[in-house]
Amino acid sequence: MTIVVHHLNNSRSQRVLWMLEELGRPYKVKRYQRDPKTMLAPPELRAVHPLGKSPVIEDGELKLAESGAILEYLAERYGDGRFAPAAGTPERLRYTYWMHYAEGSAMPPLLMKLVFKRIESGPMPFFARPVARGIARRVLGTFVEPNIARHLDYMEGELAARPWFAGEAFSAADIQMSFPLEAAASRGGLDASRPKLMDFLERIHARPAYRRAIEAGGAYELLS
Ligand SMILES: N[C@@H](CCC(=O)N[C@@H](CS)C(=O)NCC(=O)O)C(=O)O
C-alpha cells in the first residue's frame, strides 16, 4: 500500500517525507502551497483534516495528523525495530520525551517569535505602529527571546551528553527534533555559539534520506 503524504511547502511535513525515506517505504506526495501573503495553508487542506494543517498521512483506511503521532506510527508499523528504541528502556523514555518536547515545548516560543516579529514589522495604521511595536518588542525581549535561549542551552547540554536525542542511535525522535532546531537556526538565534546543536544539524543534513526527502518535497526554506 502506498502511503499518501499531504505535504505543505516549507513545513513540518518535510519530517514525514524524511522518515519515509529512512524507512525506504513507497509514498506519494500530495502538494499544497502556502498563501504567499498570509503563509497559511490553502483551504483544500481542510477537506483532508478539520484543522487544515500539514502533515496528514493516509495509509489505506487510516488517516493520521500530528507529526509526532505520524512518526511514532511509521516507526512502529514499518520500522522492524529501527528508528525507535526498545520498549521499557531508558532510551525509549527519552525518545518519547523528545517526541513530545519538540512540538509541546520547543516550538511555542519559536512560533511566538514569528508572530511578534510580524507584528513589529507588519503593515498597520501609522498611529497604531509605535504602540504595537512597543508591545511586540517588550514581549520578545522579556519573554520570547529568553525562553528560546533557555531551550537552546538545554538542548545543547543534552547533545553534549549523547550523540542523538534518545541515546547512541539515531531515531525518529531526531527527525521530530529537526524542525525546532531548523526553525531556531532560521529565526531563533541558533548559531556556532552552540556547537553541539550545529553539529546535529550538519549530521542530519548529510544523511542521504534527508536529501532525498528534500528532493521529493521541493524547496525547504523555513520562515524567518
Ligand atoms: N503540532 C502539529 C502542527 C501542525 C502545523 O501547525 N502545521 C503547519 C505547517 S508547519 C501548518 O499547516 N500551517 C499552516 C496553517 O496553519 O494554515 C504537527 O506537528 O503536526
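**Exercise 1. Work out in what order the helices and strands of the protein run from the N terminus.**

Start by counting: the protein has eight helices and four strands, both taken as DSSP runs (H or I over at least four residues for helices, E over at least two for strands). Then read along the chain, and you get β-α-β-α-β-β-α-α-α-α-α-α. Keep in mind that this is a predicted model, where local features need pLDDT of at least 70, side-chain atom pairs count only at pLDDT 80 or more, and totals for chains, interfaces and linings use all residues. Residues are numbered from 1 along each chain as its sequence is written, and side-chain values use heavy atoms, leaving out hydrogens and water.

**Exercise 2. Check the radius of gyration of the protein against a compact globule.**

Take the rule, 2.2 Å times the number of residues to the power 0.38, with the radius taken over C-alpha atoms. For 224 residues a compact globule would come out near 17 Å, and the protein has 18 Å, so the two agree. Along the principal axes, the C-alpha atoms fill a box of roughly 60 × 45 × 30 Å.

**Exercise 3. Find the polar contacts of the ligand with A41, E66 and E103.**

Look for pairs of N or O atoms within 3.5 Å. A backbone N or O atom of A41 is 2.8 Å from a ligand oxygen. Next, a polar side-chain atom of E66 lies 2.5 Å from a ligand nitrogen. Finally, an N or O atom in the E103 side chain sits 3.1 Å from a nitrogen atom of the ligand. Alone, the ligand exposes 510 Å², and the protein buries 84% of that (Shrake-Rupley method, 1.4 Å probe).

Note on methods: Polar contact = N/O pair within 3.5 Å; in protein donor to acceptor, adjacent residues only side chain to side chain.
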